[in-house]
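Here is a friendly tour for anyone who likes to look at packing and pockets before setting up a calculation. Please keep the viewer open while you read.

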Amino acid sequence: MSILRVTCSPRGAGSESHRLSQAIIGEIARADASAAESIVEVDASRLPHVDPDYAAALCAAADPAGPVAERGSLGLSARLIASLAQADYVVIATPMHNFTVPSALKAWIDHVVRVRHTFRITPEGKIGTLADRPVFVAVASGGRYSGDGPRQPDFLTPYLKTVLGTIGLHDLMFFAVEGTVQGLDGLRAARAAAEAQVAAAVARTVARRATVLAP
């Protein structure tokens, strides 16, 4: 069993989203001790964007064979796809930037949402080829975007549901620490609320997954 964590904040381990992701991983380990034996870390802020070789491969009738397939960002894409495909649980730690995902998370998405590797094109549309698994998304935002009287729109949640659903990942759960710039008391309350939601959701998810995987 393994956990893949994708960290997307420029603040890295010092970010609120990473802090919340730690709570998620802690709850997964508490409910499924075997999962904590292997945690694969991806720092999305260090990922390069896709390059001309990647673009050429996407436009080709079939992926190139031989050394060309490993040139540029194609090799990195293959490794990132492998780490995603092998994970039993996925944890994405991300801030909300300008109402949506940050560029670091978009770079990771561009590497792993790849035709003929994680989805195929059919007359009915794009069909994901990855097996579904729990995806926990830990979000931090300076303003509020949910609940009563949100002060900003949310394009992050529907986008992630759509783009990850394209590759077969539909079991998404979102947790958020909102209003991080609105004072320490508010931040503490937001953290406590998010962590309470995490504890309940992870316990349910791990129990459900164990039932599905039981022989």
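What follows covers the nonpolar cores, then the pockets, then one loop glycine. Please bear in mind that this is a predicted model.

**Nonpolar cores**

Let us begin inside the protein. The largest nonpolar core is made of 36 residues, and those with the most contacts inside it are Leu84, Ile92, Trp108, Leu160 and Leu164. Both strands and helices feed into this core: β1 (3-7), β3 (89-95), β6 (135-141) and β7 (172-178) each supply at least two residues, as do α3 (73-86), α4 (103-112) and α5 (156-166). The largest share, five residues, comes from α4.

Leu160 is a good residue to select in your viewer. Leaving aside residues up to four places away in sequence, Leu160 touches Val101, Leu105, Ile109, Val137, Gly165, Leu172 and Phe174. There is also a second, separate core of 20 residues, with Ile24, Met173, Ala190 and Val202 among them.

**Pockets**

Next come the two pockets, set side by side here.

| Pocket | Volume | Lining residues | Lining by class |
|---|---|---|---|
| Largest | about 200 Å³ | 13 residues | seven nonpolar, three polar, three charged |
| Second largest | about 170 Å³ | 14 residues | five nonpolar, seven polar, two charged |

Which residues of the lining are the closest to the centre of the largest pocket? They are Ser146, Phe175, Ala176, Glu178 and Gln197. The elements that give two or more residues to this lining are β7 and α6 (184-213). Strand β7 is thus a name to remember, as β7 also supplies at least two residues of the largest core.

In the second largest pocket, the residues that lie nearest the centre are Ser9, Arg11, Pro95, Ala140 and Thr180. Here α1 (16-31) and β6 are the elements that give two or more residues to the lining. Strand β6, like β7, has at least two residues in the largest core.

**A loop glycine**

Finally, have a look at Gly14, which sits in the loop between β1 and α1. Is Gly14 buried, exposed or partly exposed? Gly14 has a relative accessible area of 48%. Buried would need a value under 20% and exposed a value over 50%, so Gly14 counts as partly exposed. As a distance to check in your own session, Gly14 and Ala44 are 30 residues apart in sequence, and their C-alpha atoms are 15 Å apart in space.

How values were computed:
Residues numbered from 1 in each chain as written. Predicted model: local features only at pLDDT ≥ 70, side-chain atom pairs only at ≥ 80, totals over all residues. Heavy atoms only, no water. Core = buried A, V, L, I, M, F, W, Y, C linked by side-chain atoms within 4.5 Å. Buried < 20%, exposed > 50% of the residue type's maximum accessible area, 1.4 Å probe, protein only. Helix = DSSP H or I, 4+ residues; strand = E, 2+ residues; numbered from the N terminus. Contact = heavy atoms within 4.5 Å. 1 Å grid on protein atoms, 1.4 Å probe; cavity = no way out; pocket = protein on both sides within 12 Å on 5 of 7 lines; lining within 4 Å. Points joined across faces, edges and corners; volume = space filled by probe spheres on them. Nonpolar A, V, L, I, M, F, W, Y, C, P; charged D, E, K, R; others polar.
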